[in-house]
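Here is a short set of exercises to work through with the model open beside you. Try each task before you read its solution.

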Amino acid sequence: MSDRSASAGLDDPEVAAFRAELRAWLADHAPADPTPLHGEARAVYGAAWHRALYRGGWMGLSWPEAYGGRGLPALYEAVLNDEIGRAGAPAAPHVGFLGRALLHYGTEEQKLRYLPSLLSGDEVWCQGFSEPGAGSDLAALSTRAVLQNDRYVVNGQKIWTSDAAWADWCLLLVRTDLEVPKHRGISALVVDMATPGIEVRPIVQINGDTEFNEVFFTDVAVPVVNVVGSPGDGWSIAMTTVGYERGPADVGFSSRYARLLNELVAHARSNEVDEQQRLALARAHVQVEVLRAHVARSLTARDDGSPPGPEGSIDKLLSTRTEQLLHRTALDLFGAGALTGEVADVLSAYFYSRAASIAGGTSQIQRTIVAERLLGMPRGR
Ligand SMILES: Cc1cc2nc3c(=O)[nH]c(=O)nc-3n(C[C@H](O)[C@H](O)[C@H](O)COP(=O)(O)OP(=O)(O)OC[C@H]3O[C@@H](n4cnc5c(N)ncnc54)[C@H](O)[C@@H]3O)c2cc1C
């Protein structure tokens, strides 16, 4: 997918020069104040950081230049994650995985219209895939779109739609054909979230945040030119999207883990910690390094232009394991202070980490993909 080249190695002189330039930029621009964990404050902070990264030229590193990227080999995304984590800066916004669907399947007009503003942060997207009756079994989705002249009319409900309350656009999976097997009757639409008939209802999470939403569609008209790919391509588009969503570098998770680990180690150095806590930190350090190496390998493999396949499930499992260990360790290290709220955000972040084994496809589903599609084990019934 990149404009220039085929691949790069972490020790190449150009990569080292890029790293040095990025490190210097982060030293000058990384926000000093802590990232708010909740609500509008978090969204505003994230948007400002997104725009700063974009202005600095650090968004869309491996995206084609024609759509606002820099056309670099995918490995540069790993360097970005490494350096952001090292600097203790907030992770880059995870906008990429939805845009990747458009990059692979969209028309030239769609790519030119939507991708530059997605990368710059001028427009926010959400992912309208899951429904009350279709999560792990996504192909069972029932939100219906019926073609009427030059538009689809959409009726149905989505759930767990992150960021829907402030999104401008939704990549929406809908059922357009009831006559074919369920995987083949799904299409993907780009939906303007300001269209009449869309109602967004926030869901309050255990940590008090309202990242998720229910989204209801009642006779929502979507122009037929907003179909991504061809009608019936929805399943392939969904699989491409989740392939990127499961990549820890694409969603900025690997930089988050390095940042948190550094904070925990600094805390442990200046406080009394017991043997178990030291061991947990050592284990977390190993897991962060394993993930870092694995991310670099996965991104190098991507430079042939093909989207990530089932091997993305390994990334997702490693990422989940690391996230949950880090936040559990943080909870142990900060002890009563975390539980009473005296130390801000530790408990809330721990709660959120429990969702890592669900978001983007549950760990059980990832293990099934690894077993069946990578190891060739017999399919379950
Ligand atoms: C933080 C977060 C953000 C999210 N953001 C979005 C978003 O922006 N857009 C969106 O569309 N969705 C989003 N989701 C939804 C997410 O994709 C689904 O929650 C996930 O796919 C699981 O679906 P479900 O919740 O319906 O659980 P279910 O599919 O009902 O699963 C319930 C349990 O049964 C297990 N299970 C189900 N089927 C099998 C099987 N075949 N084999 C073994 N075990 C099985 C699951 O592993 C799980 O433990 C988000 C979820 C989270 C947690």
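**Exercise 1. Place Cys-126 in the fold and describe its surroundings.**

Step 1: Cys-126 sits in strand β1, which covers residues 125-128. Helices (H or I, at least four residues) and strands (E, at least two) are DSSP runs, numbered from the N terminus.

Before going on, a word on the ground rules: this is a predicted model, in which local features need pLDDT of at least 70 and side-chain atom pairs count only at pLDDT 80 or more, while totals for chains, interfaces and linings use all residues. Residues are numbered from 1 along each chain as its sequence is written, and side-chain values use heavy atoms, with hydrogens and water left out.

Step 2: Cys-126 counts as buried, because its relative accessibility is 1%. Buried means under 20% relative accessible area, exposed over 50%, and partly exposed in between (1.4 Å probe, protein chains only).

Step 3: Leaving aside neighbours within four places in sequence, Cys-126 is in contact with residues including Leu-98, Thr-161, Asp-163, Trp-169 and Met-193. Contact means heavy atoms within 4.5 Å. Cys-126 and Met-193 are 67 residues apart along the chain, and their C-alpha atoms are separated by 9.2 Å.

**Exercise 2. Find what the side chain of Asn-213 reaches.**

Step 1: Locate Asn-213 in strand β7, residues 213-223. With a relative accessible area of 1%, Asn-213 is buried.

Step 2: Look at the partners of Asn-213 beyond four places in sequence; among them are Lys-158, Trp-160, Thr-161, Asp-163, Val-200 and Ile-203. For Val-200, 13 residues away along the chain, the C-alpha separation from Asn-213 is 6.3 Å.

Step 3: The side chain of Asn-213 comes to 3.0 Å from the backbone oxygen of Thr-161. A polar contact is a pair of N or O atoms within 3.5 Å; within protein, one must be able to donate a hydrogen and the other to accept it, and residues adjacent in sequence count only if both atoms are side-chain atoms.

Step 4: Asp-163, one of the contacts of Asn-213, belongs to the loop between β3 (151-158) and β4 (169-175). Asp-163 is not a glycine, yet its phi is positive, near 65°.

**Exercise 3. Which residues come nearest to the ligand, and which polar atoms meet it?**

Step 1: The ligand has 17 residues around it, of which Gln-127, Ser-130, Ser-136, Trp-160 and Thr-362 come nearest. A residue is near a molecule or strand if one of its heavy atoms lies within 4 Å of it.

Step 2: A polar backbone atom of Gln-127 is 2.7 Å from a ligand nitrogen. For Trp-160, a backbone N or O atom is 3.1 Å from a nitrogen atom of the ligand. Gln-364 uses its side chain, where an N or O atom is 2.9 Å from a ligand oxygen.

Step 3: On its own the ligand has 970 Å² of accessible area, and the protein covers 65% of that. Accessible areas come from the Shrake-Rupley method with a 1.4 Å probe; for residues, only the protein chains shown count as cover.

**Exercise 4. Check the span of helix α7 and see what covers its buried residues.**

Step 1: Helix α7 (residues 253-269) has 17 residues, so at 1.5 Å a residue it should span 24 Å; its end C-alpha atoms are 24 Å apart, which agrees. The expected span of a helix is 1.5 Å times one less than its number of residues.

Step 2: The buried residues of α7 include Tyr-257, Arg-259, Leu-264 and His-267. Their cover includes α3 (75-87), α8 (275-302) and α9 (312-340).

Step 3: Thr-329 in helix α9 shows one such meeting, being in contact with Leu-264, as well as with Ala-280 and Leu-281. Thr-329 is itself buried, at 2% relative accessible area.

**Exercise 5. How many residues of α3 are buried, and what follows the helix?**

Step 1: In α3, 11 of the 13 residues are buried; among them are Tyr-76, Glu-77, Asp-82 and Ile-84.

Step 2: The cover over these buried residues includes α1 (13-29), α2 (39-56), α4 (96-105), α7 and α8.

Step 3: From first C-alpha to last, α3 reaches 19 Å, close to the 18 Å expected. Gly-88 follows α3, with a positive phi near 70°.
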